[in-house]
Amino acid sequence: MTDDDQHTPLGVLRRVFGYGSFRGQQQEIVDHVIAGGDAIVLMPTGGGKSLCYQLPALLRPGLGIVVSPLIALMKDQVDALRQAGVRAAALNSGLPAGEAGRVERAARDGALDLLYVSPERLAMPGCLDMLRRCRLALFAIDEAHCISQWGHDFRRDYQALGILKESFPETPLMALTATADGPTRRDIAEQLHLGAARVFAAGYDRPNLFYRVVPKRNAKDDLLRFLDAEHAGDSGIVYCLTRRSVEDTAVWLGQRGREALPYHAGLPAETRARHQDRFLREEGIIIVATVAFGMGIDKSNVRFVAHLDAPKNLEAYYQETGRAGRDGLPADAWMSYGLADVMSLLRLMEASDIDQRQRRIERQKAEALIGFCETVSCRRQALLGYFGEREHPPCGNCDNCREPVASWEGTIAAQKALSAVYRTGQRFGAHHLVDVLVGNATERIRRFGHDRIKTFGVGAELDASGWLSVIRQLLAQGHLLPDPEGHGGLALAPSAAEVLRGAVELRFRSEAPRERKSRKSDGTKGPASGAAGATLDPVAQTLWEALRAWRLDEARRQELPPYVIFHDSTLIEVARRRPASVEALADIPGIGRSKLDRYGMALLAIAASET
Ligand code: ADP
Ligand code: ZN
């Protein structure tokens, strides 16, 4: 590298961050902001937004101000930058006494490159005055969708940021977010006075996520089989609908040898904080949580997000699964989905306390989620299509692409099921209907005289789970309706009449268990320490484990999360390439000058010692 290179974006990318090249639109964005332009950046999680403001902050004279909503997230970013040798600090309400004054002085004296500020801190009297006394390189508003009421995480204290453009008209202003639909985008631009800003939109795709939906049989057993086969030793998140199932599942996983911690809004704040902290700082921890968990979780090596119950809608699903694989390595989005999920989704949209318009929106959202779960074609196409990206080819990285779904001609079966609903008076639940269909004369069936109706026992061709699958798909296709009271009863929808008349033909997806074949179908055994290292040969695998152990020690010593020291991807490359010299080590992505100085010798020693 020549000295000239040191002061170009690429030079700084290599020297400080240890990356060889830009990704996607990073270079364009960086150049645009260095030249003084404003920007709105829409990039999926893991797309590399941070470098888009970090590099211009390092390359423009003065201090870069980053507004970020969560203190924990800020701390991670500052720690990671310091590891890379960048002069970074944070200003927020979590600082020890005296620290804020010290940080402000450093900012004024030009002793900082990047300053992370919480929005409420920025709104405090005196903060803007303080910034006026600094030389400023740029403002970056991270998680910019928080400014909009249309967005999913509206935060009142973000609205004060509207003043920045007026107060600092000469300083480039950037708004960055991973999720903003059309109205939210326009709102961001308006509220931040970014009407003239250039928009960089990278789309929503997360190519490294493998999407999979498995029919619900015994959800916990299915989850455990998935974890054992593909994520032994990996860290991940399991989402459940209720606090109760969060607790049960955490205990259940614990009894089966996994380190699983519960997280929901009913736990004391102190317990939640402790569990979150362990999740961030230790390896291999599974968090079992309600949707209360996750906002601002910046852990880069979450290897899977599993839904034991279907999420509320596709936005929520995208957000929640988006927490996996921020480091760009393969990660799994796994969902267990069944009749109960369809029923609760359909009921949600019948909720009586919402007005017509709202109900229509809720219905479309629930239908889109059901459609995603039921689809026999590419999941990614379904997901991205929902966000308005309709041009994607089949992805090759979801369950349906990997192993096409068989379907079967189900008109007769559908007629049998619908007729069972009709003849029992349109008020019984799925399990009762299944008993009727397969001819299971239980005490309850006899009590209602349902062993004497014409449909009793007509469905010997399928077993109970086969019929449950038919009933679920009839609900999903809109031929059955759940009773609005939520007692689990089923009634015919208007369209059922046509099915019964034989005027339409129905097809159903076949649901033989197929999860084992979906990913590791080549007969290889699951890796001992998780999917990230899955492609390593046994020697490299041993080395990767030694490197992980070293990183954990180092992280404990410095009281930092391990991924702040090195990302998995970097250590995996070290394991794969086994560098024998400082030069070879410096070549590995994610090892910049500062980390080379600090850790180079330790890494080389480990690479040399293990066999
Ligand atoms: P986002 O904020 O968009 O979710 P990050 O900025 O945290 O994403 O980046 C995601 C991951 O990608 C990080 O591990 C980061 O180090 C890595 N990364 C970003 N840009 C590059 C690049 N040009 N080359 C290699 N890795 C990169
Ligand atoms: Zn696909």
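Modeller: Four donors count as tetrahedral if all angles lie between 85 and 135 degrees. Donors are N, O and S atoms within 2.8 Å of the metal (3.2 Å for Na, K and Ca), and water is not among the atoms, so sites may look incomplete.

Biologist: What should I know about the model before we use those words?

Modeller: This is a predicted model, in which local features need pLDDT of at least 70 and side-chain atom pairs count only at pLDDT 80 or more, while totals for chains, interfaces and linings use all residues. Residues are numbered from 1 along each chain as its sequence is written, chains are lettered from A and ligands numbered from 1 in the order in which they are written, and side-chain values use heavy atoms, with hydrogens and water left out.

Biologist: What makes the site of the zinc ion (ligand 2) tetrahedral?

Modeller: The angles among its four donor atoms run from 101 to 119°. All of them fall between 85 and 135 degrees, so the label holds. For reference, the ideal angle for four tetrahedral donors is 109.5 degrees.

Biologist: Which atoms coordinate the zinc ion (ligand 2), and how do we know that they are donors?

Modeller: They are the SG atoms of C378, C395, C398 and C401, at 2.3 to 2.4 Å. Sulfur qualifies as an element and those distances lie within 2.8 Å, so they count as donors. Along the chain, the spacing of the donors is C-x16-C-x2-C-x2-C.

Biologist: Are C395 and C398 buried or exposed, and how do you know?

Modeller: Buried means under 20% relative accessible area, exposed over 50%, and partly exposed in between (1.4 Å probe, protein chains only). C395 has 25%, so it is partly exposed. C398 has 0%, so it is buried.

Biologist: How many disulfides are there, and what does the term require?

Modeller: A disulfide is a pair of cysteine sulfur atoms within 2.5 Å, and a search of the whole structure finds zero. Take C52: its closest cysteine sulfur, in C146, is 18 Å away, so the pair is too far for a bond. C240 is in no disulfide either, as the nearest cysteine sulfur, that of C373, is 16 Å away.

Biologist: Why are C52 and C240 called buried?

Modeller: C52 has a relative accessible area of 0% and C240 has 6%. Both values are under 20%, so both residues meet the definition.

Biologist: What makes the approach of N208 to G325 a polar contact?

Modeller: A polar contact is a pair of N or O atoms within 3.5 Å; within protein, one must be able to donate a hydrogen and the other to accept it, and residues adjacent in sequence count only if both atoms are side-chain atoms. The side chain of N208 reaches the backbone oxygen of G325 at 2.8 Å, so the distance is within the limit. N208 sits in the loop between β7 (198–201) and β8 (209–215), where helices (H or I, at least four residues) and strands (E, at least two) are DSSP runs numbered from the N terminus. Its relative accessibility of 15% makes N208 buried. The C-alpha atoms of N208 and P330 are 4.8 Å apart, although 122 residues separate them along the chain.

Biologist: Where is N301, and which side chain does it meet in a polar contact?

Modeller: N301 lies in the loop between β11 (286–289) and β12 (304–307). Its side chain makes a polar contact with that of D568 at 3.2 Å, and N301 counts as buried at 5%.

Biologist: How do you know which atoms of ligand 1 face polar groups of the protein?

Modeller: Distances again. Nitrogen atoms of ligand 1 lie 2.9 Å from a polar backbone atom of S21 and 2.9 Å from a polar side-chain atom of Q26. An oxygen atom of ligand 1 is 2.8 Å from a polar side-chain atom of K49.

Biologist: Which residues is I606 in contact with, and where is it found?

Modeller: Contact means heavy atoms within 4.5 Å. Setting aside neighbours within four places in sequence, I606 is in contact with L543, A546, L547 and W550. I606 belongs to helix α28 (residues 593–609) and counts as buried, at 13%. I606 and L547 are 7.1 Å apart, C-alpha to C-alpha, and 59 residues apart in sequence.

Definitions and conventions. Four donors count as tetrahedral if all angles lie between 85 and 135 degrees; four count as square planar and six as octahedral if opposite donors are over 155 degrees apart and all others between 65 and 115; anything else is irregular.
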